[in-house]
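These are my notebook entries on a single protein chain. I set out to look up its fold, its strands and one part of its surface.

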Amino acid sequence: MGHAHTHQHGHDHKAGGHAGHGHGVSADADRRWLSLALVLIGVFIAVETAVAFLAGSLALISDAVHMLTDAFSLVLALIAMRLAARPAKGTYTFGLKRAEILSAQANGITLLLAAVWLGYEAVERLLRPPEVTGWMVLVTALAGVAVNLAATWCLSKANRASLNVEGAYQHILNDLFAFIGTAVAGVVVMTTGFARADTIATLFVVALMVKAGCGLLRDSGRILLEAAPAGLDPDAIGSELARTPSVAEVHDLHIWTITSGEPALSAHVLVRPGGDCHAVRRDLGKLLADSYGLTHTTLQIDHEDPAPAPAAAAHCANGHGPAHRAVPQGR
């Protein structure tokens, strides 16, 4: 194999490493702020839907549907928070922390499905515009601006490092912009009689929904597919670890995200003959925490076999990814 496994050290994470996972806002506070935003949105959805049918406004209906997806995302976020708070046990060794990621996936899918439906309805109304009561659209849209400002303020107080909270925050912020567009459409209908302005505002809402839905699917998909967190380059990190004194090689390096705001790293490190493996582990742990914010780390430390390995031998029988050495081989 080219190295011995006679002096092996496995370390789950640095002492106090989970301090980096804190966000200064308690889970109970998060739930309170999300619940308050949900109540505000739920009440307004009922009022807006009734007015939308009375006014014959597709823009108001589209806003109500968009807000319904926001309410759905808040409900899922609250459920996911409850599940993620459960301690790890049994076969779920990380607990249910990824419940919020599954929630974000469901939220992104519903946004895109709603956007498809509203887009279809908007095209139909562009071809055959119905009569729209402009003043009802304007008054309801202005009320929507006020409600969304209040809901956005509530969510700004919660932990936006969470993909669920940030997704809901962005959705409600998009709703705010959508209501502003709807209010403008109401003014246009009132002053010019141009009924298609209402439908154009709907298409604006559809574009916002597609953008938010795709963003949620992209970010949650990266976590589910175990991609390295954005901004962290595994090759660059592996090369820097390999330049640490006494390190001969770093391989089987994996960087992933357990859940929002909780990156993790594992790696197999070979220490040169005579090197202090305990000191190397401490140095690598400090480097990862200070330079990259990686505090949840597992480092398998072994001593390199002093005997030269055959040129064709691999460092591990089932290695994953490139091997990083202080002096690149074959270059």
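I counted the secondary structure of the protein chain and found eight helices and four strands. The model is a predicted one. I then read the elements along the sequence, and their pattern is α-α-α-α-α-α-α-β-β-α-β-β. I also looked up burial for the chain: of its 331 residues, 47% count as buried.

Entry on strand β2. I took β2, residues 263-271, and asked how many of its residues are buried. Nine of its nine residues are buried, and I therefore record the strand as mostly covered, with buried meaning under 20% relative accessible area. I next sorted the residues of β2 by direction. Pro263, Leu265, Ala267, Val269 and Val271 point one way, while Ala264, Ser266, His268 and Leu270 point the other way. Both sets are buried.

Entry on the partners of β2. I checked strand β1, residues 247-257, and it pairs with β2 in the antiparallel sense over eight bridges. In this pairing I located Val247 opposite Val271 of β2. The hairpin of β1 and β2 has five residues between the strands, and there I noted that Gly261 takes a positive phi near 75°. I then turned to strand β3, residues 296-303, which pairs with β2 in the parallel sense, also over eight bridges. Here Leu265 stands opposite Thr297 of β3. For the connection, I traced β2, helix α8 (residues 277-292) and β3, and these make a right-handed β-α-β unit.

Entry on helix α6. Does the end-to-end distance of α6 agree or disagree with its expected span? I found that α6, residues 196-224, has 29 residues, which at 1.5 Å a residue should span 42 Å. The C-alpha atoms at its ends are 42 Å apart, so the two agree. Just after α6, I noted Glu226 with a positive phi of about 60°.

Entry on the surface. I looked for nonpolar side chains on the surface and found a patch formed by Phe177, Ile180, Val184 and Phe204. Together these residues have about 350 Å² of accessible area. Which helix gives the largest share of the patch? That share, three residues, comes from helix α5, residues 163-192. I then examined Val184, which has its place in α5. Its relative accessible area is 49%. Because exposed requires over 50% and buried under 20%, I entered Val184 as partly exposed. Patch residues need over 30% relative accessible area, and the 49% of Val184 satisfies that cut-off.

Note on methods. Residues numbered from 1 in each chain as written. Predicted model: local features only at pLDDT ≥ 70, side-chain atom pairs only at ≥ 80, totals over all residues. Heavy atoms only, no water. Patch = residues over 30% accessible without salt bridge, like charges linked within 9 Å, V, L, I, M, F, W, Y side chains within 5 Å. Areas by Shrake-Rupley, 256 points an atom, 1.4 Å probe, with all protein chains shown as cover. Salt bridge = Lys/Arg side-chain N within 4 Å of Asp/Glu carboxyl O. Helix = DSSP H or I, 4+ residues; strand = E, 2+ residues; numbered from the N terminus. Buried < 20%, exposed > 50% of the residue type's maximum accessible area, 1.4 Å probe, protein only. Expected span 1.5 Å × (residues − 1). Pairing = 2+ DSSP bridges. Right-handed = clockwise from strand over helix to strand, strands pointing away.
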